Amino acid sequence: MARRAAGGTGVKGARRPEVRLPALEPYEGGELEPDGDYDGLEFKDADLGGQDGSGARFMDCALTGCALDGTRLRHARVLDSVLSGVRGVGTDLAEASLRDVELVDARLGGPQLHGAVLERVLIRGGKIDFLNLRTARLRDVVFEGCVLVEPDFGGARLERVEFVDCALKGVDLHAATLTDVDLRGAAPLEISTGLDRLSGAVISTGQLLDLAPVLAAQWGIRVEG
């Protein structure tokens, strides 16, 4: 079940996940396994660094305070789950599927989600550096109260995506496709590449003024006086 966030005039709001976890069992299974099946489990303060859970399925799970340094979760499926306070560098979620997921207060560096599919995902709080979402598909995704440093959306498709009280620094939108993307809650909004891809997004008047020098330089407009 999901609820729709408030959208502004002319832009459709994203549907937020409403994750209701059942009573969970503590995970005591040792290291992750490729193609493993994890259902109704709580991973609490676990060090999953360097482990290989490629192709695994996580359903109705909670990962709380876990270390994900170099954890391999390529092609994994994360469904109806909450990840809270996770941290790590180089977490590999390439071509993974995340549906009805909440990611809360994460501190991640260089997470790889290129080619991933995110649907009804809430990313709230925390800081993510060098987020790689190249060629990913995002539908009904909300970034709220978080800091994103040099996120890469190159070639990605974003539909009904909202940024609420976020800092977006050095965003790469090269070859991205945006539909009903609400950027008005981003402060600052710094776009390094792909200003021409903003069709399908809504920004505020103040943001337009902030971006004006970059737009002028890109279009070869000389501003004097």
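This passage goes through the overall build of a predicted model, then its nonpolar core and one of its strands.

Starting with the whole chain, the secondary structure adds up to 18 strands and just one helix. Along the principal axes, the C-alpha atoms take up a box of roughly 70 × 35 × 25 Å. The radius of gyration is 18 Å, which agrees with the value near 17 Å that a compact globule of 225 residues would have. Buried residues account for 51% of the chain. Of the contacts with a separation of 6 or more, 12% link residues 24 or more positions apart. As for the outside, the accessible surface is about 10600 Å², and carbon and sulfur atoms contribute 48% of that.

The largest nonpolar core brings together 59 residues, and the members that touch the most others are F43, L138, F143, F153 and F163. Strand β10 (residues 97–109) supplies the largest share of this core, with five residues. Leaving aside residues up to four places away in sequence, F143 touches I123, L131, L138, L148, F153, V161, E162, F163, V164 and C166.

F43, another of those well-connected core members, sits in strand β5 (residues 41–44), on a covered face together with L41. The uncovered face of β5 carries E42 and K44. Side chains in a regular strand alternate between the two faces of the sheet. β5 runs parallel to strand β3 (residues 25–26), joined by two bridges, and P26 stands opposite E42 there. β5 also pairs in the parallel sense with strand β7 (residues 62–64), this time over three bridges. Here the bridge partner of E42 is A62.

Note on methods: Residues are numbered from 1 along each chain as its sequence is written. This is a predicted model: local features need pLDDT of at least 70, side-chain atom pairs count only at pLDDT 80 or more; totals for chains, interfaces and linings use all residues. Side-chain values use heavy atoms; hydrogens and water are left out. A nonpolar core is a set of buried Ala, Val, Leu, Ile, Met, Phe, Trp, Tyr and Cys residues joined through side-chain atoms within 4.5 Å. Buried means under 20% relative accessible area, exposed over 50%, partly exposed in between (1.4 Å probe, protein chains only). Helices (H or I, at least four residues) and strands (E, at least two) are DSSP runs, numbered from the N terminus. Contact means heavy atoms within 4.5 Å. Two strands pair if DSSP finds at least two bridges between them. The radius of gyration is taken over C-alpha atoms; the globule rule is 2.2 Å times the number of residues to the power 0.38. Accessible areas come from the Shrake-Rupley method with a 1.4 Å probe; for residues, only the protein chains shown count as cover.
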